Amino acid sequence: MPRQPEFDRNQVLDRALDLFWSHGYESSSISKLLDAMEMNRGSLYAAFGGKSNLYIEVLDHYMDMLRRELFSCSLAKQDDPKGAITGFYQKAFIEYEDKDQLANGCLFFNTINELNKTEPKLAIKAVEAIEWIKQLFVARLTEAQQAGLIKREKSAESLADYLIGLTAGLRSLCKSSASPEVLQQVIDTGLTPVFGD
């Protein structure tokens, strides 16, 4: 019978996420990961197969966290599609309680920026996650257009691309320690082309 791991997988993934999110992939050495995760080298490789495979699992873990703490109470659940989109930005940038995490930016955008050339497999994983988020926007924008809440001059697809760009810009502002007031101003200005004044 295989020996059961003597650790809580979600707990060690949380610790790995904290390190990767704050330091990036390349700067998170195996030795730093071992210290952060409180594991020995043999256990880490037995459980995750190496740094790259660990990072893939961390990206999945991060997406699970976003689904649970952000999307489930904004984009995915609210009945009003306009309210779902505006609520997403409030929840993600204004009401988000962990300011240290907010200052780390988005792990998906960070991954694409850092690893697009050096670790394309990991960057593609992040691109796929961003595409999943974009499709949430597409679905809610389509509903809003069908309900007459926004004009049909532009497709839901193109508006979703715009919102992904707005989200990326806001995440960059968070990394530069922008104040909630600045973030709110950018959100209000950024959503005007979608919903009007």
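1. Let me start with serine 177, which sits in the loop between helix 9 (156-175) and helix 10 (180-195). This is a predicted model, and in it the phi of serine 177 is near 65 degrees, a positive value in a residue other than glycine. Most residues other than glycine have a negative phi, so a second look at this loop would be natural. Serine 177 is also exposed, with a relative accessible area of 60%.

2. Glutamate 38 belongs beside it in your notes. Where does glutamate 38 lie? Its place is the loop between helix 2 (30-37) and helix 3 (41-48). Glutamate 38 is not a glycine, yet its phi is positive, at about 55 degrees. With a relative accessible area of 61%, glutamate 38 is exposed, because the cut-off for that class is over 50%.

3. The loop just described falls inside an annotated stretch. An unreviewed UniProt entry carries the annotation "DNA-binding region" for residues 29-48. In the model, residues 29-48 are 80% helix and 0% strand, and the C-alpha atoms at the two ends of this stretch are 15 Å apart. Please keep in mind that the label comes from the record, and that such annotations may be inferred rather than shown by experiment.

4. Now the overall layout. The protein chain has 10 helices and zero strands, and its pattern along the sequence reads α-α-α-α-α-α-α-α-α-α. Along the principal axes, the C-alpha atoms fill a box of roughly 60 × 40 × 30 Å. Of the 197 residues in the protein chain, 43% are buried.

5. One helix pair deserves its own point. Two packed helices are described by the angle between their axes and the distance between the axes. For helix 4 (residues 51-69) and helix 8 (residues 120-146), the angle is about 15 degrees and the axes are 10 Å apart. Angles under 35 degrees count as roughly parallel, and helix 4 and helix 8 are therefore put in that class. The crossing of helix 4 past helix 8 is right-handed.

6. The aromatic side chains come next. How many aromatic pairs does a search of the whole structure find? The search gives 12. In one of these, the ring centres of phenylalanine 20 and tyrosine 25 are 5.9 Å apart and the planes meet at 15 degrees, so the pair is stacked. Phenylalanine 20 is buried, with a relative accessible area of 1%, and tyrosine 25 also counts as buried, at 5%.

7. Tyrosine 25 has a charged partner too: lysine 51 lies over the face of its ring, at 4.3 Å from the ring centre. A similar arrangement appears at tryptophan 132, where arginine 67 lies over the face of the ring, at 4.4 Å from the ring centre. Trp132 is in turn part of a cluster, in which ring pairs link it with Phe71, Phe88, Tyr89, Phe93 and Phe137.

8. A last point concerns asparagine 104, found in the loop between helix 6 (99-103) and helix 7 (107-115). Is asparagine 104 buried or exposed? At 17% relative accessibility it counts as buried, because the cut-off is under 20%. Asparagine 104 and serine 155 are 51 residues apart along the chain, and their C-alpha atoms are separated by 32 Å.

Conventions:
Residues are numbered from 1 along each chain as its sequence is written. This is a predicted model: local features need pLDDT of at least 70, side-chain atom pairs count only at pLDDT 80 or more; totals for chains, interfaces and linings use all residues. Side-chain values use heavy atoms; hydrogens and water are left out. Rings of Phe, Tyr and Trp (its six-membered ring) pair if their centres lie within 6.5 Å; planes under 30 degrees apart count as stacked, over 60 as edge-to-face and the rest as tilted. Buried means under 20% relative accessible area, exposed over 50%, partly exposed in between (1.4 Å probe, protein chains only). A charge sits over a ring if NZ of Lys or CZ of Arg is within 6 Å of the ring centre and within 35 degrees of the ring normal. Helices (H or I, at least four residues) and strands (E, at least two) are DSSP runs, numbered from the N terminus. Axes are lines fitted to C-alpha atoms, for helices over the stretch in contact, and angles run from 0 to 180 degrees between N-to-C directions. Angles under 35 degrees count as roughly parallel, over 145 as roughly antiparallel, 65 to 115 as roughly perpendicular and the rest as oblique. A crossing is left-handed if the near helix is turned anticlockwise from the far one by less than a right angle, and right-handed if clockwise.
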